[in-house]
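Me: I am new to this structure and would like a close look at a single part before I turn to the rest. Please take me through it slowly.

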Amino acid sequence: MRPTAKFSISFGLVTIPVAAYNATDSSTSVSFVRIHTADGGRVRNQPVCSLEDVEITPDEIGRGYKPDDRDTVVPLSDDDLDALPLPTAKTLTILAFVAGGDIDPLQMGKGYYLGIDSPAAAKPYVLLREAMERHQRVGLGKIALHGRETLAMIRPMEGALVMQVLLWPHQIRPMDGVLPERQPEVAPAEVAAAETLMDSFGELSEDDVHDHYREALEEIVAAKLAHREPEFPAGEEQPAGQVMDLMAALQDSVRAAKKSRGEDEGTEGAPGGGGSGRGTEKSTAKKTAAKKATPTKTATKAATKTTAKKTPAKKTAAAKKTAGRGGRRAG
């Protein structure tokens with residue numbers, strides 16, 4: 001891999017020259033091109049000047065900044081940007097060490113692998129990595145990447161240091177209008193059933209983290225080129241519609257999850273509690289077993305008629321005499 005940037009990590013009076021490598025590959029993601037639906041021709045973005053309405057070359061394109069309170073655009077040259085007083089242009093200064101859980105995941109952006117950029121950086125690189133691993137902390141600092149200053153987090157991962165670009169706090173929008181005005185009430189039994197469902201999910205498999213959408217899209221393209229119908233493996237149809245009975249949906253989900261893994265539903269009890277909700281799970285299992293053991297009225301009547309037909313008349317008369325003697329003794 002080729003580094004995308006080179007800078008130094010400032011850890012107190014310790015300086016660590018590093019090279020940053022892209023940790024993610026966006027080229028493998030599905031992307032589309034715009035076409036003219038009438039003839040299939042490509043639709044391209046042509047740079048056009050808004051004042052002269054003519055196409056311009058890349059050499060004539062510069063940068064400008066539009067202030068929020070004005071309609072004018074101020075041109076900015078490369079010399080103007082190089083003159084910015086940015087101490088973070090070539091140095092990532094660690095400002096604090098915090099617990100990784102204190103970082104809001106909404107702030108996390110692109111990731112970079114950090115490698116040493118000189119033999120002298122090997123020892124301080126390992127020192128910083130091991131200190132953060134033992135202290136269970138991540139480093140927070142600021143760095144200028146691609147002409148823009150940004151927050152950054154440094155953390156150890158599998159023997160290396162990884163830098164994660166962070167959004168500024170003002171870039172996280174407030175949740176106005178997201179939550180409902182009235183919060184619905186959830187019963188403890190429903191929470192216990194949801195916990196049981198969470199426990200039944202298990203771990204991720206390789207198939208779970210596979211990009212099936214890309215494969216399906218490539219099959220459609222191949223079918224169109226070959227003038228045939230696309231062939232897709234048959235899959236289970238996902239239930240649709242609004243869930244009216246939440247508890248029933250949770251219990252059905254647990255049974256479906258166990259069935260998909262080939263587990264016996266009766267070995268672990270019926271759904272209704274996980275972790276702290278084991279008592280609910282046991283009581284639900286007892287109720288389920290009792291329902292299975294208790295015959296219905298129709299079945300009881302049918303069994304009584306069948307027994308009456310098979311029982312001889314002599315035994316029935318003897319039973320009546322025995323019952324009469326027992327009644328006299330009891331009296």
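Where does Val18 lie, and what surrounds it there?

Reply: Before the close look, please bear in mind that this is a predicted model, in which local features need pLDDT of at least 70 and side-chain atom pairs count only at pLDDT 80 or more, while totals for chains, interfaces and linings use all residues. Residues are numbered from 1 along each chain as its sequence is written, and side-chain values use heavy atoms, with hydrogens and water left out.

Val18 belongs to strand β2, which covers residues 14-22; helices (H or I, at least four residues) and strands (E, at least two) are DSSP runs, numbered from the N terminus. Because its relative accessible area is 0%, Val18 is classed as buried, a word that stands for under 20%, with exposed meaning over 50% and partly exposed in between (1.4 Å probe, protein chains only). Once its neighbours within four places in sequence are set aside, Val18 is in contact (heavy atoms within 4.5 Å) with Lys6, Phe7 and Ile9, with Leu114, Gly115, Ile116 and Asp117, and also with Tyr125. One of these partners, Leu114, sits 96 residues away along the chain, yet the C-alpha atoms of Val18 and Leu114 are separated by 6.1 Å.

To set Val18 in its wider context, the protein has eight helices and nine strands, and of its 331 residues 18% count as buried. Among the contacts with a separation of 6 or more, 58% come from residues 24 or more positions apart.

Gln107 is another buried residue, so classed because its relative accessibility is 16%, and its place is in the loop between β5 (91-98) and β6 (108-116). Not counting residues up to four places away in sequence, Gln107 touches Leu151, then Val165, Leu166, Leu167, Trp168 and Pro169, and finally Ile172.

Val74, by contrast with Val18, counts as partly exposed because its relative accessibility is 38%, whereas that of Val18 is 0%. The place of Val74 is in strand β4, residues 74-76. Asp211 is likewise partly exposed, since its relative accessibility is 36%, and Asp211 is found in the loop between α3 (188-200) and α4 (212-225).
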